[in-house]
Amino acid sequence: MLILSKFFSFLLLNHSLVFGAGTGTVRKTMITRRRFIKTLAAAGTTALANPIYALNSRTQASTGYFGVHQFIESHPEAVFIMRTTVGEKMNADAKKSAGLVFGRSVFVPKDNTGVPINISIPVKPNLKTADPKVYPIADIIGHVADPFFVEGMFEGMKELGISGSQFHIREVNRPEAWGPYFYVDMAKRVGADLRLDLAPTVNNLVSGRDYNWKDIPNGTFWKRIPYLEPVNTPNTWMLNISKFKAHTMGLTLCCKCLQGTAAHNYQQFCAAWNSTMSITQSDRQPDAYTVIKANYDRHVAMGIPRWDRPGQNNISGLGQETWVTRTLDSLSVTLPSIGLHVIEGIYGRDGQGDGVNGPNPQDQVHQISESGVTATGKAWDYMSNIIIFGKDPFRVDNIGYYLGGHEPGNFGLFHIAIERKMSTALDPREIPVYIWDNGAATLTPLEKIPRTPLLSYYLTRNYNGQTEKIFHLVNEPVDYSKFEKSVGVEESYPETPKSFVLRQNHPNPFNPFTAIEYDLPRSGYARLEVYNSNGQLMDVLVDGYQARGAHMAVWNSQNRASGTYFYRFRFGDFTETKKMTLLR
């Protein structure tokens, strides 16, 4: 009673500190892509202290469930970027440490609405690259999702009670290279299941053990696809980990990465428009090529950039239309089972899809033709030091393309995904982007994030009198309003908050980390403070200019005693306070 009396006395002396509503139910308010204010610099919520521990303490008893951090889960319209500080691409310890921080802050304990802790977790890293018997590993490692980052992420997740044997790493291409790329030893250290025997064609594998068939309802190209077990198997929860790198498709990010989960030869989404792909022809739609050609002609007339490049393979507009069609068919059944999409960009790679050849030094390209690109230069790696992630692969890829130096509206994948009502994201400046710092999310204008230009040979304009360099940036301006209208962009997320909302912290009770979310209906100066029950100021979590939208701060109570604390939020004339409990 004495403590409460002191606190109420403090309230009387400081009339701006008032109690808000009780704990209540956490409401999921999302930011609309159209109304996101894209030019405002957001002052950061601060990630407090310990760089190695996640938002939720790993010392708390296992709940039997886990999942992606609540703020990420509640904002599928957003893309998150974690900055890393790796100085050299072959520094295994630094990369593993970055993965550990990522795993510990992104994956958290949940209540029984989460994912069961004993579920099978298929993992699709980007693993296809050049032959390590021919090229030095240091020259080609930049073409795969870094194994040490993946290892650190796995170890962070294991702290939640997940067994290493629950991770099933799957890729159809070139298993003979996974040892030199460090994946075999990494899987052994983690205890993960990495099968090296799934490269043969479907006829040489066992259905139900090695792969499973998945029907593609309303597919344009596919009727069904065989996926490597346990991908697309009921009661699984998948992770998609792509690489920040250039490719025939511009950049090969989350949407591209997943095609390697299909059994051989069904993974050949990049095959030319009229290719038989060496598959059973009854597994595709009988009129697939006719429909794809009709759609292609329509998209050329619509004005999808570069779509008029002649040819039939994947360096042509028709070839890209074919790849996009096969990819979206597959994603239509795969996406519901995927818990998170990640682009590992500790280091990014430019150049050619084979992971070896490229434009460096500049102007070293020999030729481009229907048979492909012949390059005399090399692909280079750049220490981009970013991890891009989120719930929506199209939005994650959209931001990835932009940060790779390209303008995403120039790429047909995003147009056609919107047309097929699989996405609503075209203009990257209208996608909410958060800097993720050890469990705290700071809404940040896209223009504030450094770009790493990765040259690609996507639909090179060397036809009809054009003389573009074969390796280039696809970065010309785009009239997004024109294309959004033509492909029928529709809002899929609620509008930007219309009122101030201060949510109850979570978890609560907590030890030692807790998150505090709040919504701003307009931009301006915000302050978030933590007080003890005597009214003494303990910490200031936010103090600065913030953009309109959803925000989250984190309080690290590591050096505080058990008890009741209060957090006060102020923005102009709006003030609200809520109570939280620290239990040691």
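**Notebook: strand partners and one helix**

I began with a single residue pair: Arg568 has Thr577 in β27 as its bridge partner. Note to self: this is a predicted model.

Next I looked up the strands around that pair. β26 covers residues 563–571 and runs antiparallel to β27, with nine bridges joining the two. I then traced the whole sheet, which is open, has four strands and goes β24-β23-β26-β27 with antiparallel pairing. β24 (537–546) and β27 (574–582) are the edge strands, each pairing on one side only. I also checked the twist: neighbouring strands here are turned by 15 degrees against each other on average, ignoring direction.

Then over to helix α6, residues 183–190. Which residues of α6 are buried? I found Tyr183, Val184, Met186, Ala187 and Val190. Looking down the axis of α6, I see these buried residues fall within an arc of 165 degrees, so they line one face of the helix. That fits the usual rule: an α-helix has 3.6 residues a turn, so residues three or four places apart point the same way. I looked for what covers the buried residues of α6, and the list includes β5 (121–125), α5 (147–158), β6 (167–169) and β7 (193–194). Just after α6, I noted Gly191 with a positive phi of about 90 degrees.

Last stop, β1 (residues 65–68). I get two bridges from β1 to β4 (residues 115–116), antiparallel, with Tyr65 opposite Pro116. β1 also runs antiparallel to β3 (residues 107–109), joined by three bridges, and there I find Gly67 opposite Val108.

Conventions. Residues numbered from 1 in each chain as written. Predicted model: local features only at pLDDT ≥ 70, side-chain atom pairs only at ≥ 80, totals over all residues. Heavy atoms only, no water. Pairing = 2+ DSSP bridges. Axes fitted to C-alpha atoms, helices over the stretch in contact; angles between N-to-C directions. Buried < 20%, exposed > 50% of the residue type's maximum accessible area, 1.4 Å probe, protein only. Arc of directions from axis to C-beta. Contact = heavy atoms within 4.5 Å.
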